[in-house]
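Ready for a few exercises with a structure open beside you? Try each task on your own before you read the solution under it.

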Amino acid sequence: MEGRRKALLFTLCFFFFSLPSLSSLPAYQTLVPTSHSLPSASPISFQPESEPVSESLIGSGSDSESSITLNLDHIDALSTNRTPEELFSSRLQRDYRRVKSIATLAARIPRRNTTHAPRPGGFSSSVVSGLSQGSGEYFTRLGVGTPARYVYMVLDTGSDIVWLQCAPCRRCYSQSDPIFDPRKSRTYSTIPCSSPLCRRLDSAGCNTRRRTCLYQVSYGDGSFTVGDFATETLTFRRNRVKGVAVGCGHDNEGLFVGAAGLLGLGKGRLSFPGQTGRRFNQKFSYCLVDRSASSKPSSVVFGNAAVSRTAKFTPLLSNPKLDTFYYVELLGISVGGTRVPGVAASLFKLDPIGNGGVIIDSGTSVTRLVRPAYVAMRDAFRVRARSLKRAPDYSLFDTCFDLSHQNEVKVPTVVLHFRGADVSLPATNYLIPVDTNGKFCFAFAGTMSGLSIIGNIQQQGFRVVYDLMGSRVGFAPRGCA
């Protein structure tokens, strides 16, 4: 009996000592409200458009890897004559539409079928994209065609198809640059209806007269782009990448905020990373700066240089009915150095048929958590932030504080526990200014959808690494240097 007691005592001691230690997590950190304010639309500075280029071929059989680094700007920089409050309000409106569209897509889309042949004379069905209104949050400038015509392109991890507006336009929205004319490019080439590239489209059409492939992308708010599916050369600073499959849209409508089109960074085979996987070793990363407090540019890197040595990685999960989004496993959340009891891993589970789960998305601003998890997290934060002066709710934010006239404040820490990676958020990634009078709000929200989304406010300052070859996503703090 004594031996059994000792064995039981040893087992209990081993169990408790083997539990993850949260005592090492700090309970509070400092926020300096006076150094953070709503950003205004600032002038854009891009690299010269006449730099010499080096050529790289997609699918050329070369195993040589190279890297490309591009600066990113926030989409608000394309807006003029708008106050910081107006820009922030518009951002939240875009965010609402995007989250609604992503949730609808994740809940309803059937398993994609890539074996059908395109039907002559039109589309068999509409394609619904994860990009809610055609405009993600960040964009860059790149060259299209030969000679290269430089345009603003939105970068988005929630969409696959690469597309831009093309002349002649039956219907085009207003963009900042002249509309691309494929007739003036030596490297533009339409794709035959019988091509495997055409069959990769979720919904393909065929121009019966020319026997060339057509594409269509529809968005959750009624926006769309329709046109020819073709291959073209894209120029990124000094690097020319040939043979990229792009949608050349002659009929486009929606709220696209001045950009010429979209460079899809999703997980699907027709996204830019999907098409150029061999060229860039299936790796890319980005780092998004806090636009109100940093002069460093946001950036995106393609290739081995994208992988930070300090990144903590979590495995990518596969959704059987949707291959566009980057799913990860969120196990829990700590607030004030303590694991929140009501935030269980089961709330974020991706089930066997593809419902629920958690995605990382560059185009969503505010992180959305399933409602029970959000309420538990929010309540834990409120208890630990009770020394801060509360302020009225603002838009979707139900936990706000009056930090006016405060030089610095202590705020509870927040840590996201992914499988294999604990991500400790800086205070500026979850307490953000919402006006110019010192009101700060807790930048999370609940959702009635089963899908949770980690947004770009929470990603600020981290280099977020997408290693598709290793099927993992990494987070490197202070990654924008």
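The exercises below start with the whole chain and then turn to single sites, a strand and two sheets.

This is a predicted model, in which local features need pLDDT of at least 70 and side-chain atom pairs count only at pLDDT 80 or more, while totals for chains, interfaces and linings use all residues. Residues are numbered from 1 along each chain as its sequence is written, and side-chain values use heavy atoms, with hydrogens and water left out.

**Exercise 1. The whole chain**

Task: Describe the secondary structure, burial, contacts and surface of the protein chain.

Solution:
- Step 1. Count the elements: the protein chain has 6 helices and 32 strands. Helices (H or I, at least four residues) and strands (E, at least two) are DSSP runs, numbered from the N terminus.
- Step 2. Look at burial: of the 481 residues in the protein chain, 55% are buried. Buried means under 20% relative accessible area, exposed over 50%, and partly exposed in between, with a 1.4 Å probe and protein chains only.
- Step 3. Turn to contacts, meaning heavy atoms within 4.5 Å. Of those between residues at least 6 apart in sequence, 74% join residues at least 24 apart.
- Step 4. Finish with the surface: the protein chain has an accessible surface of about 20,500 Å², and carbon and sulfur atoms account for 53% of that. The areas come from the Shrake-Rupley method with a 1.4 Å probe; for residues, only the protein chains shown count as cover.

**Exercise 2. The annotated positions**

Task: Find the residues that UniProt lists as "active site" and describe their surroundings.

Solution:
- Step 1. Consult the record: the unreviewed UniProt entry places this feature at D156 and D361. Although these residues are spread over 206 residues of sequence, they cluster in space, with a largest C-alpha distance of 7.9 Å. UniProt positions are given in the numbering used here, feature names are shortened, and annotations may be inferred rather than shown by experiment.
- Step 2. Place each residue: D156 is in strand 6 (residues 149-156), whereas D361 is in the loop between strand 20 (358-360) and strand 21 (367-370).
- Step 3. Check burial: D156 counts as buried because its relative accessibility is 0%, and D361 is buried with a relative accessible area of 1%.
- Step 4. List contacts: leaving aside neighbours within four places in sequence, D361 touches several residues, including D156, T157, R98 and N456.
- Step 5. Look for a polar contact: the side chains of D361 and T157 make one at 3.4 Å. Such a contact is a pair of N or O atoms within 3.5 Å; within protein, one must be able to donate a hydrogen and the other to accept it, and residues adjacent in sequence count only if both atoms are side-chain atoms.

**Exercise 3. Strand 5 and its partners**

Task: Is strand 5 enclosed or open, and which strands pair with strand 5?

Solution:
- Step 1. Assess burial: 7 of the 7 residues of strand 5 (residues 138-144) are buried, so strand 5 is largely enclosed by the rest of the structure.
- Step 2. Split the faces: Y138, T140, L142 and V144 are buried on one side, and F139, R141 and G143 are buried on the other.
- Step 3. Find the partners, noting that two strands pair if DSSP finds at least two bridges between them. Strand 5 runs antiparallel to strand 3 (residues 68-74) with 2 bridges, to strand 6 with 7 bridges, and to strand 11 (residues 224-236) with 2 bridges.
- Step 4. Locate example partners: Y138 is the bridge partner of H74, M153 that of T140, and T235 stands opposite G143.
- Step 5. Examine the hairpin of strand 5 and strand 6: there are 4 residues between the strands, and G145 takes a positive phi near 85 degrees.

**Exercise 4. Helix 5 and two sheets**

Task: Work out the strand order of two open sheets and how helix 5 lies across their strands.

Solution:
- Step 1. Read one sheet: its 4 strands follow the order 19-18-25-26 with antiparallel pairing. Strand 19 (338-339) and strand 26 (421-425) each have a single partner strand, so one side of each is left without a neighbour in the sheet.
- Step 2. Read the other sheet: its 4 strands follow the order 22-23-28-27, again with antiparallel pairing. Strand 22 (390-391) and strand 27 (431-433) are the edge strands.
- Step 3. Place the helix: helix 5 (residues 371-384) lies across strand 18, strand 19 and strand 25, at about 15 degrees to strand 18. Helix 5 also lies across strand 22, strand 23, strand 27 and strand 28, at about 135 degrees to strand 28. Axes are lines fitted to C-alpha atoms, for helices over the stretch in contact, and angles run from 0 to 180 degrees between N-to-C directions.
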